[in-house]
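Please read these points with the model open beside you. They begin with one residue, then turn to the chain and its partner.

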Amino acid sequence: MSININQELLEKEICGFIKSELVAKEIVVEPTSSLSGIGLDSFSKIEIVLFLERKFGIELPDEILTPENIESPSSLSKCAIEYAAQQE
Amino acid sequence: MNTPRNKNNQEYPESIYFNGSDYFQILLDRHIKKNKGIGNIGCLIFEIEKGKTDLKAFVSKKVASTFIKWLSSIYLKNTLISPPIWKIKSQSVGEVLTYTKAREPVIYDQKNFPTFKLEAAGLIKVELIETEIKNHLIFYWHHALFDAKGAEFVARYLIGDVEHMDIENYVPAFEQWPLRDLLDDAKNVKSFLMKNRGVEVSTCDPLDEKEASQIAYHVIPFTEEETLQIKKKAQTYTRLAISPFYLGATSFLLQEVIKSKNQRLVSFQIPVPQDKRKRGIFQPGIGNQVSYLFFRLYPQHFTSFKETIDEINRQLKDQIKERIPKKYAGLMSLFLKLPIQVYEYIVKGPTKGKLASFYFSDTGQSLKLDGNSPFVVLDATHLPPANKLPGFTIVFMEFEGRLKIVIAYATNRLNAKDLLYFEKEFRHLLL
C-alpha cells in the first residue's frame with residue numbers, strides 16, 4: 001500500500017470515482033454524503049470497495065465493512081486508513 | 001404528419017436505437033415461445049386504495065396522452081440485411097386500456113396475460129380491475145421494449161407519481177463501443193462463458209418438449225419487522241450486498257427440492273441481471289439497461305447454507321473485479337450484428353439449449369412511490385416472465401419496507417408440497 005495517502009485524499013478519490021462511474025451527473029457527492037442517500041445500492045458499494053483495492057492496494061476484509069463504516073466516503077476513508085495503518 | 005412534441009418542445013423520436021440487451025430479450029422471447037410459453041412478458045400489479053380520485057378517469061386521461069400513444073406505437077423492425085431498430089407506427093394500434101368490475105379477488109395467473117407481437121406495435125397494456133374492496137392497476141409489457149425499471153417508470157406515470165416526461169433522457173443514446181476494446185472484451189468474456197461448456201445444467205425437472213408451459217405465481221410475503229430481521233441476519237453472512245444472501249437461500253432450497261425428486265444435481269448456472277443505469281435517476285426508460293453476472297454452483301457448494309453464500313460472494317467479487325458485466329454488455333452489442341437464428345445457436349450452445357438453471361432477480365426497494373400520486377398504493381407485485389424451461393423464476397422485491405418473494409413456477413414441475421417447502425424453509429433460512 002502507498003504510504004502517501006491520507007483520509008482527505010482518499011475521500012476525494014472515492015467521491016471522484018462515485019461521480020464518474022456510479023451516479024447521474026445531477027447527483028451531488030460530498031465526503032459526508034450518505035451512500036444509500038445518493039441512491040447507491042449494495043453492488044455499487046462493492047464497486048467502491050474494489051476500487052480502493054485496485055487503486056490503493058487496500059484490501060478491506062468483510063468483518064470491518066459494517067454499515068457504519070460504509071455509510072459515506074468519509075467513514076469509508078477513515079476505516080480504510082485505520083485498517084491500513086494496523087497492517088503496516 | 002407533424003412530429004409530436006412534449007411540453008418542453010422535445011420531439012418524440014420516430015425511431016429508437018436497439019441495444020444488445022434488448023436483442024437478448026428477443027432471444028428469450030423466442031426461447032419461451034419455442035417451449036410453448038406466451039412470450040417474454042412482464043407484469044406489475046399495484047393494489048390501490050379506493051379514494052376520492054377516480055382511478056379510471058385519471059388513468060384513461062394518462063393513457064390518452066401523447067407519451068403513452070407514442071409508447072404503444074413502437075414496433076420492432078428487423079430484417080436480414082439491417083440490424084434491429086424500434087420504429088413508430090403511424091396507424092392506430094388498438095386499445096391500450098381495459099377496465100373490469102369484478103366480484104372476486106384478483107388472482108395472479110399467467111393465463112390472464114395478453115399476447116404481444118413485436119412487429120405489430122402495442123407492446124404495452126394496462127388493465128384496471130375494480131373489486132369490492134380495492135382497485136388494481138395491472139401493467140403488462142414486452143420485455144424487449146424495456147426492463148422492470150422502465151416498466152415501473154411508465155406505471156408511475158400512469159398513477160401520477162411521475163409528472164414530467166423528459167423525452168431526451170427517456171430515449172437511449174446510441175452506444176458507441178470502440179471496436180478494438182469490444183473485441184478484446186468479447187474474447188475475454190467468451191472464454192469465461194465457455195469454461196463450463198458441456199457441463200450439464202440442472203433444472204428443477206427434466207424437459208419434456210411436448211408438454212405445454214403452464215405458469216403460476218406464488219407469493220411469500222414478509223412483514224416490516226421480519227424484513228428488518230432478515231436484513232440483520234443477512235449482515236452476518238454477507239456484509240455489503242444482500243443479493244448473495246437471497247440467491248444463496250434460493251439455490252440452497254432448490255437443490256434440496258431437486259434431490260427430493262431423486263434427480264441428480266450436476267451444476268447450477270444462474271445469470272443475474274445488473275442494472276447499468278447511473279444511480280439516482282430512472283433514465284433511460286426505453287430499452288433493457290442491464291448486463292449480467294453469472295453464478296455457477298456445484299454439489300460441493302451446498303455442504304451448508306453458509307458455504308453456498310460464501311461461494312456466491314467469492315464469484316461476485318471476482319466478476320466485478322474482472323468487469324464481467326461491462327464486458328458482457330459489449331459482447332451482447334456485438335451480437336446485434338448477427339441474424340437472430342445464428343445468435344440463438346451461439347448463446348444456447350454452452351448450456352445445451354437450457355440457458356439457465358433458474359432465473360433470479362433482486363429488484364430492491366424500487367417500487368417505493370415518491371408521494372406525488374393522488375392514490376394510496378397498498379401493495380405492489382412484480383410478476384416476471386417465465387416458462388416451463390427452466391420452470392423456476394424468482395424475484396425478491398421490497399415495497400414500503402416489506403420484503404416479498406414472488407416465485408413463478410411451471411405447474412407441471414413443482415407441486416403444492418414443493419411450494420409449502422419453499423414457504424417454510426425460506427422463512428427458516430432468511431429469518
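1. **A residue in a helix.** The model is predicted, so local features are taken only where pLDDT is at least 70. V342(B) lies in helix α11 of chain B, which covers residues 340-348. Its relative accessible area is 36%. That makes V342(B) partly exposed, because the class runs between under 20% for buried and over 50% for exposed.

2. **The patch it belongs to.** Which residues join V342(B) in a nonpolar surface patch? They are Y345(B) and I346(B). The patch made by these residues and V342(B) has an area of about 320 Å².

3. **Fold content and overall form of chain B.** Chain B holds 12 helices and 14 strands. Its radius of gyration is 21 Å, close to the 22 Å given by the globule rule for 431 residues, so chain B is as compact as a globular protein of that length. The C-alpha trace spans about 60 × 55 × 45 Å along its principal axes.

4. **Packing and surface of chain B.** Of the 431 residues, 58% count as buried. Take the contacts in chain B with a separation of 6 or more: 77% of them come from residues 24 or more positions apart. The accessible surface of the chain is about 19100 Å². Carbon and sulfur atoms hold 52% of that surface.

5. **The interface with chain A.** How much area do chain B and chain A bury between them? The value is about 1800 Å², with 63% of it on carbon and sulfur atoms. On the chain B side, R239(B), L240(B) and R279(B) lose the most area to chain A. Together they account for 41% of what that side buries. By contacts, 16 residues of chain B meet 26 residues of chain A.

6. **Charged pairs across the interface.** The rule finds three salt bridges between chain B and chain A. One salt bridge joins the side chains of D41(A) and R279(B), at 2.9 Å from N to O. R279(B) is also among the residues of chain B that lose the most area to chain A.

7. **D62(A).** This residue sits in a loop of chain A, between α2 (42-56) and α3 (73-87). Buried or exposed, or in between: where does D62(A) fall? It is partly exposed, at 27% relative accessibility. Leaving aside residues up to four places away in sequence, D62(A) touches R239(B) and K317(B). R239(B) appears here again, having been listed with L240(B) and R279(B) for area lost to chain A.

Technical notes:
Residues numbered from 1 in each chain as written. Chains lettered and ligands numbered in written order. Predicted model: local features only at pLDDT ≥ 70, side-chain atom pairs only at ≥ 80, totals over all residues. Heavy atoms only, no water. Patch = residues over 30% accessible without salt bridge, like charges linked within 9 Å, V, L, I, M, F, W, Y side chains within 5 Å. Areas by Shrake-Rupley, 256 points an atom, 1.4 Å probe, with all protein chains shown as cover. Salt bridge = Lys/Arg side-chain N within 4 Å of Asp/Glu carboxyl O. Helix = DSSP H or I, 4+ residues; strand = E, 2+ residues; numbered from the N terminus. Buried < 20%, exposed > 50% of the residue type's maximum accessible area, 1.4 Å probe, protein only. Rg over C-alpha atoms; globule rule 2.2 N^0.38 Å. Contact = heavy atoms within 4.5 Å. Buried area = accessible area lost by both parts, 1.4 Å probe.
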